Amino acid sequence: MIQAPNRLRPLLGLATFALIGSPVLAQDSSADSANPGATASAKTAWHTGYALIDDSHLSLHLRNLYKAGTSTPDASLPPNYHTWVQASSLDFSSGYWADTVGFDLSYDTALNISTGTDASGFTDGTLPRNPASFSRIGEHALKLKWQGGETRFKSRLGVQKVSNMGMLHARDSRALEKLYSGARLDAEQGAWSGLVAVVDASIDRNETFKRRFTTAKGSAIDYLATAQIKWEPQKNRSLLYFAGAAPHYVAREGLEGVWQTDPTEKGSLKAEGFLYHNRALSVWQQENANARRGFDRDAYHAAVRLSGQADKTLLQGGATYTHAPNSNPNGMGFFEYNIARNAVGRFVSPAYNGMIDYMYHRELMVFGTATQPLSREVSVGAGAYYGSGMKYKGVDLAHGDVMVFVEYKPSFLKGLHTVVAYDWSRNWREVQGAPDVSQGRQLNASKTGPMIRIDYRHEFF
């Protein structure tokens, strides 16, 4: 831990005290001697003002990310592309003045080291379409906390990072994170917790400016509203329900459960279940009446994941199933996990693995992964996914992918985490957004590519 910030804290605390505590201290000393309560108030003002800085945290997250892909002829992807980016995020989180008010602030940068793509500027969501390096003010939010009886409350207002907030999410799979602009209120009492939130814009992971939410065809959506409630009597035993909506466009609800046979025993069998439901509202039904990909009125997705340990090997496996009918004879039913354009939906199902979307109507996907530690610092693993059961114009379809990976967490440098992965996938070739079955069978397109991600996190104070 470095010493410079600690030397600065008294100065910052003094400045904070001058702004917050000076009205209390601006009293005649004789009045203080006559009124001991004034001195106590002054000391309280010093303590609460100083806590804003004294209880603060400053951390740095560095990410070096390389992604590449080679595809057979397919209109949806360049035949070859690569992106190599160095990203950084400096995050400051204050303490709470008067144990009530604070703020969070971050600064993000993404440096384009090397990029090769086609005229579309495709970088798999890592850089702008230019593509170019960029920097931005990231998170900037006011936060509050208070307690009513046995219930603890927290609230945040502004541009903030989000991880599974009701029906919303922001995946941490690119150089920087997606941000949302809005307000949330969290409450917790014993084994129960919940939240409500409203957001009206987002900043994408490869952009510097806010975008309002829209439908797939560009109609404005003023806001997204969501809520959740969770029961967690102990770690790895929980049940969560969430719901939310983009007004007049689509509503989403979901149920997520976790049950581990013995939470105190590492590697004991753990079962996870997920059930998601989308309901199309009036605008969705008008705009997507003849969509090539989507659903008519209701769409459901269910998933089960089991994990356990055999000797030192961590094993995972399970299955997912989707029901998302689409009445368009030239379309395919699909469970849309995103809520609107510029808004990522909460979707923890293994049907989304970053390579292929296993969420088509009547699709049954099965998967399995294994991770084997070679030492305390190095692990290797592999996974396979296969989805089938869907049809397009009477033709049976199937797709799948296989991945291998190596993880490295050195003991000599805490906070460093390296992942090297390689994935091979086979999917159908797309023509105007639909599977190519022109020869009475599925015509395939394959994609292969490596991913190297090096993360380093350091907390200064």
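**Figure 1. Contacts and overall make-up of the protein chain.** Among the contacts in the protein chain with a separation of 6 or more, 62% are made by residues 24 or more positions apart, where a contact means heavy atoms within 4.5 Å. This is a predicted model, in which local features need pLDDT of at least 70 and side-chain atom pairs count only at pLDDT 80 or more, while totals for chains, interfaces and linings use all residues. Residues are numbered from 1 along each chain as its sequence is written, and side-chain values use heavy atoms, with hydrogens and water left out. The protein chain has 5 helices and 26 strands, which are DSSP runs numbered from the N terminus (helices are H or I with at least four residues, strands are E with at least two). Of its 461 residues, 43% count as buried; buried means under 20% relative accessible area, exposed means over 50%, and partly exposed lies in between, with a 1.4 Å probe and protein chains only. The chain exposes about 22800 Å², of which carbon and sulfur atoms supply 58%, by the Shrake-Rupley method with a 1.4 Å probe, where for residues only the protein chains shown count as cover.

**Figure 2. The largest nonpolar core, centred here on Leu168****.** A nonpolar core is a set of buried Ala, Val, Leu, Ile, Met, Phe, Trp, Tyr and Cys residues joined through side-chain atoms within 4.5 Å. The largest one has 50 residues, of which Leu168, Tyr180 and Leu224 touch the most other members. Among the strands that each supply at least two residues of this core are β8 (192–203), β12 (237–246) and β22 (395–408). Leaving aside neighbours within four places in sequence, Leu168 is in contact with Val162, Tyr180, Val199, Leu224, Ile339, Ala343, Val344 and Arg346. Apart from this core lies another, of 7 residues, among them Ala87, Ala110, Leu127 and Phe134. In soluble globular proteins, nonpolar side chains tend to be buried together.

**Figure 3. A nonpolar patch on the surface****.** Leu90, Phe103, Leu105, Tyr107, Ile137, Leu142 and Leu157 form this patch, with about 600 Å² of accessible area together. Patches are made of residues with over 30% relative accessible area and no salt bridge, with like charges joined within 9 Å and nonpolar side chains (Val, Leu, Ile, Met, Phe, Trp, Tyr) within 5 Å. Strands β3 (101–116) and β4 (134–148) are the elements that give two or more residues to the nonpolar patch, and β3 gives the most, with 3 residues. Tyr107, placed in strand β3, is partly exposed, with a relative accessible area of 40%.

**Figure 4. Aromatic pairs, including Phe92 with Phe103****.** Rings of Phe, Tyr and Trp (its six-membered ring) pair if their centres lie within 6.5 Å, and planes under 30 degrees apart count as stacked, over 60 as edge-to-face and the rest as tilted. By this rule the count comes to 14 aromatic pairs. Phe92 and Phe103 form a tilted pair, 5.6 Å centre to centre with 40 degrees between the planes. Phe92 lies in strand β2 (residues 80–93) and Phe103 in strand β3, so the pair ties together parts that are 11 residues apart in sequence. Phe103 counts as partly exposed, at 32% relative accessibility. Ring pairs also link Phe242, Tyr276, Phe335, Tyr337, Phe347 and Tyr352 into a cluster.

**Figure 5. Salt bridges, among them those of Lys145 and Arg156****.** A salt bridge is a side-chain nitrogen of Lys or Arg within 4 Å of a carboxyl oxygen of Asp or Glu, and the count by this rule comes to 18. Asp99 and Lys145 meet through their side chains in one of them (3.3 Å, N to O). This pair links distant parts of the chain, with Asp99 in the loop between β2 and β3 and Lys145 in strand β4, 46 residues apart. Asp99 is exposed, with a relative accessible area of 54%, whereas Lys145 counts as partly exposed at 24%. The side chains of Glu139 and Arg156 also meet in a salt bridge (2.9 Å, N to O). Glu139 lies in strand β4 and Arg156 in strand β5 (residues 151–161), so the pair ties together parts that are 17 residues apart in sequence. Both Glu139 and Arg156 are buried, and a network of salt bridges links them with Asp104 and Lys143.
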